[in-house]
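I sat down with this one to see how its parts hold on to each other. Here is my notebook, in the order I looked things up.

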Amino acid sequence: MTSHKLNTFLEKNLTELKENGLYNEIDTLEGPNGSEITINGKTLINMSSNNYLGFANDSRLKEKANAATDKFGVGAGAVRTINGTQSIHEELEAKIADFKQTEASVAFQSGFNCNMGAISAVMNKKDAILSDELNHASIIDGCRLSGAKVIRVNHQDMDDLRAKAKEATESGQYEKVMYITDGVFSMDGDVANLPEIVKIAEEFDLITYVDDAHGSGVMGKGAGTVKHFGLQDKIDFQMGTLSKAVGVVGGYVAGTQNLIDWLKVRARPFLFSTSLTPGAAAACIEAIDIMSASTEEHDRLWENGRYLKEGLNKLGFNIGNSETPITPCIIGDEKLTQKFSKRLTEEGVYAKSIVFPTVPRGTGRVRNMPSAAHTKEQLDQVLATYKKVGLELNVI
């Protein structure tokens with residue numbers, strides 16, 4: 001017999017979420033996650049994927065994944081520190097370090113695991129972490145796990161960062177102080193002011209940590225936000241994911257050899273979870289090789305992003321202050337946002353609603369992620385659908 005108290009808790013809170021338009025229905029894809037997807041037998045133009053460069057179903061990556069699976073097996077068979085490190089994992093880490101222009105890197109099973117493991121491996125209850133208030137949930141959880149004092153910094157507010165850095169470092173209460181920020185903020189598409197952040201970090205001897213999950217493959221001709229600003233030698237932690245622009249799964253931290261050596265003996269997800277599958281590692285290597293050889297996919301991504309932004313802006317949608325291909329249509333009311341997204345799907349465009357707690361209450365939005373794989377014809381159809389639904393629901 002299941003717990004009565006648990007069932008009461010679940011029923012009450014699930015009902016409340018549904019009544020407030022905050023319950024997220026999970027859709028099941030019946031094929032690959034590309035520029036078009038199939039759900040319940042219906043083909044939809046896909047505007048909700050993080051598959052920025054279209055690599056998730058790229059034949060070149062699939063070929064490398066299959067070959068590595070044939071050679072190394074479907075799984076690594078152990079954690080990295082016992083005998084789960086195969087030559088393909090070390091090849092991937094060397095490739096990442098070269099791409100990010102750092103001394104070394106370490107690969108994790110996911111970007112979330114990176115933040116859970118790397119932050120808590122370096123920071124502890126004797127330390128303080130300054131964290132942008134709109135940082136990703138994995139950063140928030142990693143900071144909590146570390147036990148360090150977490151000090152929220154107003155979003156992209158360099159005056160607030162300077163004041164709180166000064167207060168924290170001059171208080172004498174903390175052994176180390178870190179500042180951590182997304183490189184590209186996933187809900188609004190704005191870019192961290194890394195040049196100013198580095199100046200403040202140098203003034204107050206802050207450890208710098210950039211989560212570049214949405215910048216890797218997108219900024220800096222693919223090498224990320226840190227490379228975009230030419231600050232590879234100024235940022236202590238370059239964290240990124242292998243599941244968005246790279247198109248596969250996993251995450252990484254790139255930095256000095258000493259940092260990576262430390263993470264390999266102290267980051268708990270690395271120590272206690274089986275390593276990436278050989279096929280995934282090989283596919284990631286191929287994606288990085290493609291990005292290193294040509295900016296074709298990167299350039300097409302940005303061209304499509306600009307095209308969609310201009311079209312939505314002309315239609316009168318509130319697309320915020322995005323500086324990247326991430327294109328939110330901010331509607332506000334959660335129930336209206338959910339209804340808007342549902343109508344788009346009914347008209348053949350899959351653009352998922354994003355509501356609290358992913359974004360603050362009252363800032364519900366439909367978040368559009370154009371990719372290198374989208375055609376202009378698809379984007380024109382998206383714009384026509386947005387116009388139809390926007391007028392129907394009085395959003396524009």
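These are my entries, and I kept in mind that this is a predicted model.

**Entry 1: the annotated stretch.** I started with the record. The unreviewed UniProt entry has the annotation "domain: Aminotransferase class I/classII large" on residues 43-383. Over that stretch I got 44% helix and 16% strand, with the end C-alpha atoms 17 Å apart.

**Entry 2: helix α7.** Which residues of α7 are buried? I found Leu194, Ile197, Val198, Ile200, Ala201 and Phe204, in a helix that covers residues 194-204. They sit on the same side of α7, because their arc around the axis is only 165 degrees. Lys199 and Glu202, on the other side, are exposed. Next I checked what covers the buried residues, and the list includes α6 (158-170), β6 (177-182), β7 (207-211) and α8 (225-228). Right after α7 comes Asp205, with a positive phi near 55 degrees.

**Entry 3: around α1.** Phe9 belongs to helix α1, residues 4-19. I noted that Phe9 helps make a nonpolar surface patch of about 510 Å², together with Leu6, Leu10, Leu14, Leu17 and Tyr23. Then I moved to Leu22, in the loop between α1 and β1 (36-39). Buried or exposed? Leu22 counts as buried, because its relative accessibility is 12% and the cut-off for buried is under 20%. Leaving aside neighbours within four places in sequence, Leu22 touches Leu17, Glu334, Gln338, Val355, Phe356 and Arg361.

**Entry 4: salt bridges.** How many are there in the whole structure? The search gave 24, and I picked out a few.

- Lys264 pairs with Glu93, the closest N and O atoms being 3.3 Å apart. This pair links distant parts of the chain, helix α9 (residues 257-266) and helix α3 (residues 87-100), with the partners 171 residues apart. Lys264 is partly exposed at 25%, while Glu93 is buried at 4%.
- Glu133 meets Arg152 at 3.5 Å, N to O. Glu133 is in the loop between β4 (128-132) and α5 (137-146) and Arg152 is in strand β5, so the bridge ties together parts 19 residues apart in sequence. Arg152 is exposed, with a relative accessible area of 54%.
- Asp188 meets Arg365 at 3.3 Å, N to O. Here the link runs from the loop between β6 and α7 to strand β13 (residues 364-368), 177 residues apart. Arg365 counts as buried, at 4% relative accessibility.

Last jotting: Arg343, Glu346, Glu347, Lys388 and Glu392 are joined in a network of salt bridges.

Definitions and conventions: Residues numbered from 1 in each chain as written. Predicted model: local features only at pLDDT ≥ 70, side-chain atom pairs only at ≥ 80, totals over all residues. Heavy atoms only, no water. Buried < 20%, exposed > 50% of the residue type's maximum accessible area, 1.4 Å probe, protein only. Helix = DSSP H or I, 4+ residues; strand = E, 2+ residues; numbered from the N terminus. Arc of directions from axis to C-beta. Contact = heavy atoms within 4.5 Å. Patch = residues over 30% accessible without salt bridge, like charges linked within 9 Å, V, L, I, M, F, W, Y side chains within 5 Å. Areas by Shrake-Rupley, 256 points an atom, 1.4 Å probe, with all protein chains shown as cover. Salt bridge = Lys/Arg side-chain N within 4 Å of Asp/Glu carboxyl O. UniProt positions renumbered as here; feature names shortened; annotations may be inferred.
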